[in-house]
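These are my notebook entries on one structure. I set down what I looked up, entry by entry.

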Amino acid sequence: MRGLSWLLFATCVYAVVLVAIIILNATGADRYWPGALNLYLPQIMWALPGVLLAILIFRVDRAWIWAPILCVLWVLGPVMGFRWPPREAWPAPGNLTLRVMTWNIKYGSHPIEPLIDELVRRDLDVVFFQDATGCMDGPLGDYFRNWEVRSSGQYVIASRYPLSEAEVHELPSSGHQFESFLRCKVRVGDTAVALYNVHLKTPRRSLNGFRTARHEPNYLPAAIQTFHDNVRLRQGQATALIEYISEERGPIIVAGDLNAPDASLVCDTLRNAGLHDAFAERGKGYGFTYGHFLFKHRLPWLRFSWMRIDHIMPSSGFATQRCVAGSGKASDHRPVIADLFLRYP
């Protein structure tokens, strides 16, 4: 049974690795570049060693197959960020309620009809768009013609309620690229809510450096440094955003493409400032919003999202009734839709 002993030892090592990932994610995975890199990889990959071990152990002694199977279930649950269906929260009579959507629509890259169909189906109150430059000049402008709209560059905020005080503020950036966010206020009854539409720095180019390193190993140190700088820039942008948020005196909703999974220091920074993630609070399942178009040329049948980098994060005065991810047909990103209500003191 020496073969079984080695397989069980390998299973123990595998379990230790999974526990290390959970601890790393809980304490800030992107404090170190390997943890940060792992955040942007399909976490389902960590189930593959468990499946292989289960097959091998089954052939040697099926009585021990439960060990790798438990590890696989651990991956499908905590490692991949599965959320068990929570009890729904319900607003009390008189509570301010809002149905909010955030969506990086990659305007001009995909057909517009599925996007408008999603908007119609959701019956929204407030919409945040990113990567939406020029979108109000076409069919989307017609759809929102009776809404209040504020836009600047890539950002659009549309609301069924009055909007005011639209402001564009600069974020830390690299090189000559201008990074910013759009802030305005929406008034619902007697309550003014500050809205922050945010698109933080993408990791795409820095991640591509690791692809180069696969063919040119000497490039690996440069790839690591570039990726490290990218992670730190995004964290710096989150810190700068918090400086503006700290000056608000009323309820706040921050929404957008943060380019940061829930276990990142970016999201942790925002939570420490009094915000909370709507999907983490009332979501069901994984809520993944990105990845379904990444392999559209090489593997067109593979249309599964595997990262949750788009977020709705209200301040502590808001509670979330429910939160879901929407269609993957209209953009590289799925929208996030949340039903929020404000508890009155």
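Which elements each supply at least two residues of the lining of the second largest pocket? I found that β6, α7 and α8 each do so. I note here that the model is a predicted one.

**Entry: second largest pocket**

I looked up the volume of the second largest pocket and found about 540 Å³. It is lined by 24 residues, and those closest to its centre are Q177, E179, L200, K201 and T202. I then asked which element gives the most to this lining. It is α8, with four residues. By class, I recorded four nonpolar, 12 polar and eight charged residues in the lining of the second largest pocket.

**Entry: largest pocket**

I turned to the largest pocket, which holds about 1400 Å³ of space. Its lining has 50 residues, and L39, Y40, L41, W306 and M307 are the closest to the centre. Which helix supplies the largest share of the lining of the largest pocket? I found that α7 does, with six residues. The elements that each supply at least two residues are α1 (2-27), α2 (33-39), α4 (66-79), α7 (204-215) and α9. Sorted by class, the lining of the largest pocket comprises 29 nonpolar, 12 polar and nine charged residues. I note that α7 supplies at least two lining residues to the largest pocket and at least two to the second largest pocket.

**Entry: the five-stranded sheet**

I next traced an open sheet of five strands, with mixed pairing and the order β5-β6-β7-β8-β9. The edge strands are β5 (163-171) and β9 (310-314), each of which pairs on one side only. I recorded an average twist of 15° from one strand to the next. Helix α8 (residues 220-245) packs on this sheet, where it touches β5, β6 (179-188), β7 and β8. The direction of α8 makes about 145° with that of β5.

I then examined one pair within the sheet. Strands β7 (residues 191-199) and β8 (residues 252-257) run parallel and are joined by six bridges. Which residue of β8 is the bridge partner of N197? I found A255 in that position.

**Entry: helix α9**

I looked up which residues of helix α9 (residues 265-272) are buried, and found L265, V266, C267 and L270. Against what do these buried residues pack? They pack against α8 and β9. After α9 comes G274, for which I recorded a positive phi, near 100°.

**Entry: strands β1 and β2**

I asked how many residues of strand β2 (residues 126-130) are buried. Five of the five are, so I recorded β2 as largely enclosed by the rest of the structure. V126, F128 and Q130 point one way from the strand, whereas V127 and F129 point the other way, and all are buried. Strand β1 (residues 96-104) runs parallel to β2, and five bridges join the two. I located W103 opposite F129 in β2.

**Entry: cavities**

Rolling a probe the size of a water molecule over the atoms shows where empty space is left. How many cavities of 30 Å³ or more does the structure hold? I found two.

The largest cavity encloses about 50 Å³ of space. Of its 13 lining residues, F279, R308, D310, C323 and V336 are the closest to the centre. I found that α10 (278-282), β9 and β10 (318-325) each supply at least two residues of this lining. By class, the lining of the largest cavity has seven nonpolar, three polar and three charged residues.

The second largest cavity has about 30 Å³ of space. I listed D30, Y40, V231, R234, Q235, A260, S264 and V266 as its lining. Three of these residues come from α8, which gives the largest share. The lining of the second largest cavity divides into four nonpolar, two polar and two charged residues. I marked two residues for cross-reference. Y40 lines the second largest cavity and is also among the residues closest to the centre of the largest pocket. V266 lines the second largest cavity and is one of the buried residues of α9.

Technical notes: Residues numbered from 1 in each chain as written. Predicted model: local features only at pLDDT ≥ 70, side-chain atom pairs only at ≥ 80, totals over all residues. Heavy atoms only, no water. Pairing = 2+ DSSP bridges. Axes fitted to C-alpha atoms, helices over the stretch in contact; angles between N-to-C directions. Contact = heavy atoms within 4.5 Å. Buried < 20%, exposed > 50% of the residue type's maximum accessible area, 1.4 Å probe, protein only. 1 Å grid on protein atoms, 1.4 Å probe; cavity = no way out; pocket = protein on both sides within 12 Å on 5 of 7 lines; lining within 4 Å. Points joined across faces, edges and corners; volume = space filled by probe spheres on them. Nonpolar A, V, L, I, M, F, W, Y, C, P; charged D, E, K, R; others polar.
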